[in-house]
Amino acid sequence: LLLQELGLIVEIQPQGANIDLKAKHPAQNAGFAIEVTGTKGTIQKESVKIAQAWQYLSDRIGTSEEQYNLMIVANTEYHLTPNQRKAEAFSQNVAKLLGDKGILLITTVQLYNLWRSVHEGEVKAEDVILELHKKSGLY
């Protein structure tokens with residue numbers, strides 16, 4: 001819902017797919033492949049979600065999805081309230097490994113704050129989408 005309110009058309013992917021969602025902004029030619037994960041700690045290199053991201057990068061070669069930016073949305077320390085969570089959601093190894101491959105690493109709290117800034121009129125949704133599409137590594 002939050003992504004739709006930013007103007008994205010969101011498609012839930014089938015069970016067992018390497019990504020959870022595909023999202024596209026109809027006017028901006030900005031597409032995203034999105035993997036969502038929740039954990040009680042930080043995202044580590046050994047996480048199955050990291051392996052899924054690598055597999056998705058391999059599978060999309062030669063397809064129209066090569067233009068999609070891969071985004072990993074992490075709901076880390078989900079057992080804590082947002083203001084109790086550590087700032088570091090991804091290990092340094094994950095940030096380097098995936099950031100170097102053009103993957104955006106963002107937390108649910110960060111994504112919510114972006115949505116809130118749009119909702120409160122501080123920024124335009126289109127600007128947020130373009131920023132997310134251009135950025136890679138840690139948000």
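This is a short talk on the fold of one protein and on four of its residues.

What you have in front of you is a predicted model. I will start with the overall numbers and then go to single residues.

The chain has 139 residues, and its radius of gyration is 14 Å; a compact globule of that length would have a value near 14 Å, so the two agree. The C-alpha trace spans about 40 × 35 × 30 Å along the principal axes. As for burial, 44% of the 139 residues count as buried. The exposed surface comes to about 7800 Å², and 50% of that is supplied by carbon and sulfur atoms. On charge, there are 14 positive and 16 negative side chains, with the centres of the two sets 4 Å apart.

Next, the fold. The protein has five helices and six strands. In sequence order they run α-β-β-β-α-β-α-β-α-α-β. The six strands form an open sheet with mixed pairing, in the order β1-β2-β3-β4-β5-β6. At the edges are β1, residues 9-12, and β6, residues 137-138, each of which pairs on one side only. Inside the sheet, take β4, residues 69-76, and β5, residues 104-107: these two pair in the parallel sense, over four bridges. One of the residues involved is Met 71, whose bridge partner in β5 is Leu 104. On contacts, consider pairs of residues at least 6 apart in sequence: 61% of their contacts join residues at least 24 apart.

Now the backbone. Most residues other than glycine have a negative phi. I have two residues here that go the other way.

One is Asn 29, with a positive phi near 55°. Asn 29 sits in the loop between β2, residues 21-25, and β3, residues 30-39. Its relative accessible area is 62%, so it is exposed, the cut-off being over 50%.

The other is Glu 77, which is not a glycine either and has a positive phi of about 50°. Glu 77 is also a loop residue, in the stretch between β4 and α3, where α3 covers residues 92-99. Is Glu 77 buried or exposed? It is buried, because its relative accessible area is 10% and the limit for buried is under 20%.

Just before Glu 77 in the numbering comes Thr 76, which belongs to strand β4. Thr 76 has 5% relative accessibility and therefore counts as buried. What does Thr 76 touch, apart from its neighbours within four places in sequence? The list is Thr 39, Gly 41, Thr 42, Ile 43, Arg 85 and Ala 89. Of these, Thr 39 falls in the range given for β3, which is 30-39.

The last residue is Gln 110, in helix α4, residues 108-119. Gln 110 is at 25% relative accessibility, so it counts as partly exposed, which is the class between 20% and 50%. Leaving out neighbours within four places in sequence, Gln 110 is in contact with Leu 105 and Tyr 139. Leu 105 lies within the range of β5, residues 104-107. As for Tyr 78, it is 32 residues from Gln 110 in sequence, and the two C-alpha atoms are 14 Å apart in space.

To recap the residues: Asn 29 is exposed, Glu 77 is buried, Thr 76 is buried, and Gln 110 is partly exposed. That is what I have.

Methods
Residues are numbered from 1 along each chain as its sequence is written. This is a predicted model: local features need pLDDT of at least 70, side-chain atom pairs count only at pLDDT 80 or more; totals for chains, interfaces and linings use all residues. Side-chain values use heavy atoms; hydrogens and water are left out. The radius of gyration is taken over C-alpha atoms; the globule rule is 2.2 Å times the number of residues to the power 0.38. Buried means under 20% relative accessible area, exposed over 50%, partly exposed in between (1.4 Å probe, protein chains only). Contact means heavy atoms within 4.5 Å. Accessible areas come from the Shrake-Rupley method with a 1.4 Å probe; for residues, only the protein chains shown count as cover. Lys and Arg count as positive and Asp and Glu as negative; His and the chain ends are not counted. The place of a charge is taken as NZ of Lys, CZ of Arg, CG of Asp or CD of Glu. Two strands pair if DSSP finds at least two bridges between them.
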